[in-house]
Each structure stands twice: as C-alpha cells, then as structure tokens.
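Me: I am new to reading structures and would like a close look at how the strands are arranged into sheets here. Could you take me through them slowly, and then settle on one residue and describe its surroundings?

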Amino acid sequence: MRIPDNYNNTNPYRLIFGFHWLGGTANDVDSGGSSGFTWSYYGLRQLANNTAIFVAPQGLNNGWANSGGEDLTFVDDMIRLIEADLCVDTTQRFAGGFSYGGGMSYALACARATVFRAVAVYAGAQLSGCSGGTQPIAYIGLHGLRDNVLNISLGRSLRDRFVRNNGCTSQNPPEPAQGSLSHIVTAYSGCRSGYPVVWAAFDGGHTPGPVDGSTADDGARTWTKAVVWNFFNQFQSTNDTTPPTAPAGLAASGTTAGGTNLSWTASTDDVGVSGYDVLRAPGASGGTFAQVGTSATTSFSDTGLTPSTTYRYQVRARDAAGNLSPVSDTVQVTTTSGGTTGACTATPTVQTQWGSGYVIQPLTITNTSTSTITGWTVTFTLPAGHALTGSWNATVTTSGQTVTAKSMSFNGTLAPGASTTSLGFQAGRPDGNTALPSGYTCTSP
C-alpha cells in the first residue's frame, strides 16, 4: 500500500486498487518493474502526484480465480481494513488490472458497481466471474488487435455489457488498421450521466503498455497511463457543493439560414469543469430557455434552425459533482433567409484527450440548406506544434497547419437537415499544450 507523502488524515483521498496478471505479483504492480516509478500501478501513481492511496493485492496462486467469490470477499475485507484506519473518499474507489487482473477488475464491476466508481480493464476477459453484472459503472477497456493470449473479441464482450448497463448508444467504435502501430480511443455517446464507457483499441499484442509507432511494451512511454488517469480523474467527490463560475463572453458567429456557432470564455471550478449546457429560447423576448445541447469545450454549433427566425442563447457550466453555474449573459441571433444552394456545418466533439494528444469523434457534418447535397469539404486549423496521427471516413490532406477533409462515396449525400457522424481524427501535440483545432468550415458544391 502506498500512502501520499503529504498524507493528511482530515483530507479524503481516492482509493485505487491495482491487480496483477497471471503469474505476476503485488510487488510487480507496486514497483513498476523495469520501468520503475513511471509504471507503478500501471503509471497512475506518478500521475496522481500524491493525491491517492494505492493498494496492490496479492492473488492466490498468483491469479484471481475468485472461487466461490473468495477474491471479492478479500477486496471487501481490504476496503474495511483500510477505511477503518485511513481517510478515504468513499465515492472515489477505483480498480484496474491487466489480463487476469483485468478479469478481476471486471468481476468487481459486475459485483461491486455501487462500491467502485470506475474500473479499467487492460486486455481482460471473463476470468474471475461476473456475479450480478446488471448495474451501471464507469468503464474503460483497453485491448490490442493482435492479442494472441486473450483475443480482442473477449474484451469487446466485456465492454458491451456495460454499454448496455450504462444505457449508451450501441456502436462499432473505430479501431486502428493492423500495421499502423497506433491506437484509437472512443467514448460512447448516450450513456447515463456519470456512467461513461470508453474503448481504447491499439495495434499491438497482449500488453498493458503499448507505445505508438513501436512494438515496445514500455511503461515509461506508453499512452495508456494518461488515458486511464484522465478517465478516472474526471470523477470528483460527490460531497463537493461549490458551483463553477458563470461562462463569460458568450458570442455568436457564422449564422446561416439553419444554424449558428457559439463561443464563450471558460468557467472556473474548485474541482474542474466537466462540460457546458447550451440553452435556447425563441424570439427576441419572452419564451422559455430550454437545453438544446452540451459541449465539452467552449464552443457549440446549433443546427436545424428555421430561416429568418430570432433566437436567444445562454450557457451554463457543470462540474463532475453535478453543480451548475449561474447562466451566462444572453446573446441574440437571427438566422438568414436561406436559399436553395448547398450549405453545411462542421461540429467537432472532443471524444477524449490526454497530455500528448486527443481524438475528435465525431466531427458532425450537417446539411443546413433546403436541398440535398452530394458532397462536402471541411477545413480546420491545427494549433502550432500539433499534427494529425490518424483519420477515418474522409479523404484528408494537410498544408502546414490547415487540414482539408473531403467526403467519401458513402457519406457525402445528405438530405436537408441530415447529418453524418462518421468522420473523426486523432492528433498529437506537445505535452502541456491544451489548445484544440479551430476555424471549422464546411462547404458543398
């Protein structure tokens, strides 16, 4: 067990369990093996930076058979013992493990969904059982396309249980091509609030520490630790009652007959803003503001509007504890009269991001005209130092920092008001640079 160096018995801490693989040991998880501290507890100990308590249990016969539920009882007893002596935030318990340890983490997701806030399953399968398995829990699965120990289909099966339990929209998330030595992270849409599901597929084998562009298994360089830490770190204590500040500087731009683009200045919060709600009311006065969308960034494109019509907008922030900010100032827009020429909008959604990269999925293309379009071209600008590392479902070219994406045969034809959510891309960026692409435009012949 690792306790923060600056441990304070009046401060509630996250409690994170790291489960070893078949033949592995608690010491392997704790020490980080040949990668040392950078891979201790699958790299999470370094990223937590003395904000969490870490526990590495030792399985019987170096595994997690969970015969008769004995390993579940072991975890229950550990939690009781730890929380009787240390200050633990009981809304912030997490578990993760590789291979057999992933199977044990999955068993906890099935049987202890109300005890643990989230689990991470690295290259796992149903190896430790699944007692219960009907309740929602935040879930992230990571698996290699070329895993010759536990086929990726087994990982997909575990994931799909919680896609159903969490009420997420069913989909076949994109996975990288074999030989690409890359990864794609997909956050499912439609999940119940507080119960996200994320799937990270990579072109590699049976490992928890793949490295893009390499066949190495290196805990010091792998992208998995940042992805899992960001997934865990989005959940904050539900004891928090401090709301975010109101968004400022709400403005509208690029208004057309069928849509408008909104932007604002970020709110601040004691535990971090998790997203924004966009509210709209009809007319220049009167009417009731109702939520029309959400955004994980400080921008939003509202589409499907009526030509020659006035609308009013407000935005509010929310944090991971569910606290809502006061609403922003109001901005008013009036759509143009419209016409019969082709027009479209491109609306980005940040699926996931980590220190050195991010995934935009989907980049939604919407026909805002009154006639069917038979093709579209999207352009946007990458921040300085950023570079595309992958894209799908468009013909993509780059010139400097300008990216141009053109429709393909199966997604270019859109009826009036119709959208396609097939387009997405992944980009790398310098560590610590949190900028995102901007200047999205969409044109149609």
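Reply: In this predicted model, four strands form an open sheet with the order β11-β10-β13-β14, and the pairing in that sheet is antiparallel. Its edges are formed by β11, residues 290–295, and β14, residues 331–334, each of which pairs on one side only. From one strand to the next, the twist averages 30°. If you would like to follow one pairing by eye, take strand β13, which covers residues 310–319 and is joined to β14 in the antiparallel sense over four bridges. A good place to start is Tyr311, whose bridge partner in β14 is Val333.

There is also an open sheet of seven strands, and here the order is β2-β1-β3-β4-β5-β7-β6, with mixed pairing. The edge strands of this sheet are β2, at residues 52–55, and β6, at residues 183–187, and each of these pairs on one side only. Neighbouring strands in the sheet are turned against each other by 15° on average, with direction ignored. Within the order, β5 (residues 138–144) pairs with β7 in the parallel sense, and six bridges connect the two; at one point of this pairing, Ile140 has Val198 of β7 as its bridge partner.

Helices lie across strands of this sheet as well. Helix α4, made of residues 100–111, lies across β1 (13–19), β3 (88–98), β4 (118–122) and β5, and runs at about 145° to β3. Helix α5, made of residues 152–165, lies across β4, β5 and β7, and its direction is at about 165° to that of β7.

Strand β7 is also where we can settle on a single residue, since Phe202 belongs to this strand, which spans residues 197–202. Is Phe202 buried or exposed? Phe202 has a relative accessible area of 2%, and because a residue counts as buried when this value is under 20%, Phe202 is buried. Its surroundings can be described through its contacts: apart from neighbours within four places in sequence, Phe202 touches Leu142, His143, Gly144 and Leu145, and it is also in contact with Pro176, Ser182, His183, Thr207, Pro210 and Trp223. A further residue to look for is Leu181, which is 21 residues from Phe202 in sequence, while the C-alpha atoms of the two are 7.1 Å apart in space.

Note on methods:
Residues numbered from 1 in each chain as written. Predicted model: local features only at pLDDT ≥ 70, side-chain atom pairs only at ≥ 80, totals over all residues. Heavy atoms only, no water. Buried < 20%, exposed > 50% of the residue type's maximum accessible area, 1.4 Å probe, protein only. Contact = heavy atoms within 4.5 Å. Pairing = 2+ DSSP bridges. Axes fitted to C-alpha atoms, helices over the stretch in contact; angles between N-to-C directions.
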